[in-house]
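Let's take a walk through this model together, stopping at a few pieces of its architecture. Have the structure open as you read.

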Amino acid sequence: MQEKIIEIDVNGLKESYTLGKVARQSNGSLLYRQEKTVILATVVMEEEAVHEPFLPLTVQYIEKAYAAAKIPGGFIKRESKPSDFETLTARIVDRSVRPLFPEDFAYPVVITLLVLSADSETDLQVAALHAANAALLISDLPIDRSIAAVRIGRRNGERLLNPSRSAMEESELDLLLVGSDEELLMIEMAAKATESTEIAELPDPELLMGPMPVLLPHQESNELSEERLVELITEAKEEIAVACRHYEEALLPLKKAVPDLSPMIDPESLKELTALVRDRFGGEIQSALEGLSKTERGDIIDRVMQQVEAFLQEAGMHRDPLEIYRAIEAVKREKLRRQILEERRRADGRALDEVRPISIETNLLPGVHGSCLFTRGETQALATVTLGEGKEGQLYELLTERGPRTERFMVHYNFPPFCVGEARPIGAPSRRELGHGNLAKRALEPVIDRELSRTIRLVSEILESNGSSSMATVCAGSLALVSAEAEISDLVAGVAMGLIKEEERYAILTDIMGLEDHDGDMDFKVAGTRKGITAMQMDIKLGGLDLKILEEALLQARTARLHILDLMEEAQRHIVPSAALPISEHFHIDPSRIVHIIGKAGSTIREIIERFEVKIDLDREKGGVKVTGHDREKVKAAREHIEGIATREEPSIPQYHIGETYRGTVKRVVDYGLFVEMPGGHDALLHVSKMAGHRLDEYAPGQEIEVKVLDQKGRKVELALPEYQA
């Protein structure tokens, strides 16, 4: 292909695509440009298909330091391990483009996105999505439809379409939607806390009967109502459809010829085998769906697999194990969906809108600041909270910023193999773990103090998993924060929703388990407070989701969320503070007195810390003081001592006449002069430069001398010897 530049201006984005210039040995490649941002997007496909029951797609998003005219920080001066932002962006691109591939596509594909130049105002995630989409459209892969992304923000009630990064910093909403024509494929939403001028009413302590969330009157959590969210999605759908038409009209005519890619499994052969499995082994597969545990269902399916293989061997019919697996999965999927749609009955016997049984235990770990074990059905999360100093936050860098930022609220999600019964060692955090942890953080962050001065680390250990461990993390994490007496304004709960839809029939499922996620048409996670949604994540496996169904799913999720919050509030009433929790006192003093608490070169505050065995945090601007320690009496005594210093009256300063001579006493001899006690008890400095040629060794403490006052500004008095001439 000869070099060609395509320019597209849609939804407030002016984008340029340069084709046929770079990386021409790829199946598809281009340079994407938006303002000063340049991204190289390449698509490479292997020539041989693989025998795997999933799409072998890998997406890499890599930011080069030189893109922002920077040298990588750290000891090794080259890019190495991807940052969390890079990993999360790669995951967003993967989830968005995966539905574009044919169902039986089995050729390994690697999409690489290299940020070669970066603009500080560009939304790099939207740019990466559009670059990957364009590379796929012009490649020789069997993809003939486009995706488009829009990010929606809101500031002072005004809707923002694809705002700049600086505008998003002030936004109270972050809503990212990806779709193909009229079909929504992915939604990510998070509320963002902003400063508030309204002071909320304190909850009634008698109703809580236990530790209650800390009121944050200076901020608004900005939860979004279900109705308003549907309105925003409806508007964005039209904008996505318009963009997709622009991309398809401009790029599809330039697409390379698609080769004949034979499917790994012959469709007719798979159809025949599926019918055989349905007729001969349908009963055994049905038994795997009858209210058994996840492990028992897995054992039955494994047994059916062995029976089918044995039957085929006896009949002299050779079939690939992957084909047998797909036939069994197809029958299982049929039976599960029919049972739900026709009988309105789920595999574990629950009603469609029923949440699995929940048990909650708080502060079960005696040596931890705050902990909560949250069990919902066969999903179990152990959340712990550790409180630290502000300096213990995680430093991280953004590509287009010169200095590092500090993350003071961290959420670390761990998914050890034993939680699903796998015999593997625990390794480094996976993309999935980073993604689930980020979702939980986005759900909880709006209720965390925006002006957090200390560091909070929340860790979720998934001990069992069968459906929505990320939402279990939100529930467990919220209660662990309250258990640790951290600064949060409301409890947050989360629930995973599912959908089974065939033609006009559909069923919305509350609190889905792994089986319903795998064989369903939508994975939809919603988290929020009683006031509204704080975070949402949706992956849609079918096209053209009806917004009426979406609204119904959101309202059904709200009912489930309120039910879970009822149980969480009941558990909150019985929280007993951990013995490991540091005791703290928060109070305010006159900001002008902070310097007296610190003392000269920090001497006073060091003396307080050592004497009372406490830690002290000071807010110089607002006069805020936080004293923390492990002994309640010492913390209380330290507070009283600090308040005493803050209210102590300053001794009056004698007024000396400039040019007059006074008789004083040498208090100290230092390298740069003498400290002289003047009449009235005030100490003043006689600098060596104003000693008219006299040497320091001529004087000793206690010696009386004549001095002349040169100047006085407040407490500072400047002296000289009488014979000194300026």
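## Strands β29, β30 and β31

L686 has L719 in β31 as its bridge partner. Please keep in mind that this is a predicted model. The L686 pairing sits in a parallel arrangement, in which strand β29 (residues 683-687) is joined to strand β31 (residues 716-720) by two bridges.

On to β30, where the direction is antiparallel: five bridges link strand β30 (residues 704-713) with β31. K713 finds its bridge partner in K716 of β31. β30 and β31 make a hairpin with two residues between them, and G714 in the turn shows a positive phi of about 65 degrees.

## A five-stranded open sheet

Another sheet worth rotating into view is open and has five strands, ordered β13-β14-β15-β19-β18, with mixed pairing. Which strands stand at its edges? They are β13 (358-362) and β18 (409-414); each has a single partner strand, so one side of each has no neighbour in the sheet. On average, and ignoring direction, neighbouring strands here are turned by 15 degrees against each other.

Within the sheet, strand β14 (residues 370-376) pairs with strand β15 (residues 379-388) over seven bridges in the antiparallel sense. G370 stands opposite V385 of β15.

## Helices on the sheet and beyond

Helix α9 packs on this sheet, where α9 touches β18 and β19 (455-464), and the direction of α9 makes about 140 degrees with that of β18. Helix α10 (residues 469-483) lies across β13, β14, β15, β18 and β19, and runs at about 145 degrees to β14.

Helix α9 (residues 431-444) also packs with helix α1 (residues 84-97), at an angle of about 95 degrees and with the axes 10 Å apart. The two helices, α1 and α9, are therefore roughly perpendicular to each other. On the α1 side the contact involves D84, T87, L88, A90 and R91, which meet R431, R432, L434, G435, H436 and N438 of α9. Sorted by class, this contact of α1 with α9 holds three nonpolar, four polar and four charged residues.

## The nonpolar cores

In soluble globular proteins, nonpolar side chains tend to be buried together. Here, the largest nonpolar core has 141 residues, and I111, L113, L177, L481 and F524 have the most contacts inside it. Helix α2 (residues 124-138) gives the largest share of this core, with twelve residues.

What does L481 touch, leaving aside its neighbours within four places in sequence? The contacts of L481 are V385, F409, L444, I448, I456, L458, A486 and I488. Apart from the largest core lies another of 18 residues, including I594, I608, V627 and I642.

Methods: Residues are numbered from 1 along each chain as its sequence is written. This is a predicted model: local features need pLDDT of at least 70, side-chain atom pairs count only at pLDDT 80 or more; totals for chains, interfaces and linings use all residues. Side-chain values use heavy atoms; hydrogens and water are left out. Axes are lines fitted to C-alpha atoms, for helices over the stretch in contact, and angles run from 0 to 180 degrees between N-to-C directions. Helices (H or I, at least four residues) and strands (E, at least two) are DSSP runs, numbered from the N terminus. Angles under 35 degrees count as roughly parallel, over 145 as roughly antiparallel, 65 to 115 as roughly perpendicular and the rest as oblique. Contact means heavy atoms within 4.5 Å. Ala, Val, Leu, Ile, Met, Phe, Trp, Tyr, Cys and Pro count as nonpolar, Asp, Glu, Lys and Arg as charged, and the others, Gly among them, as polar. Two strands pair if DSSP finds at least two bridges between them. A nonpolar core is a set of buried Ala, Val, Leu, Ile, Met, Phe, Trp, Tyr and Cys residues joined through side-chain atoms within 4.5 Å. Buried means under 20% relative accessible area, exposed over 50%, partly exposed in between (1.4 Å probe, protein chains only).
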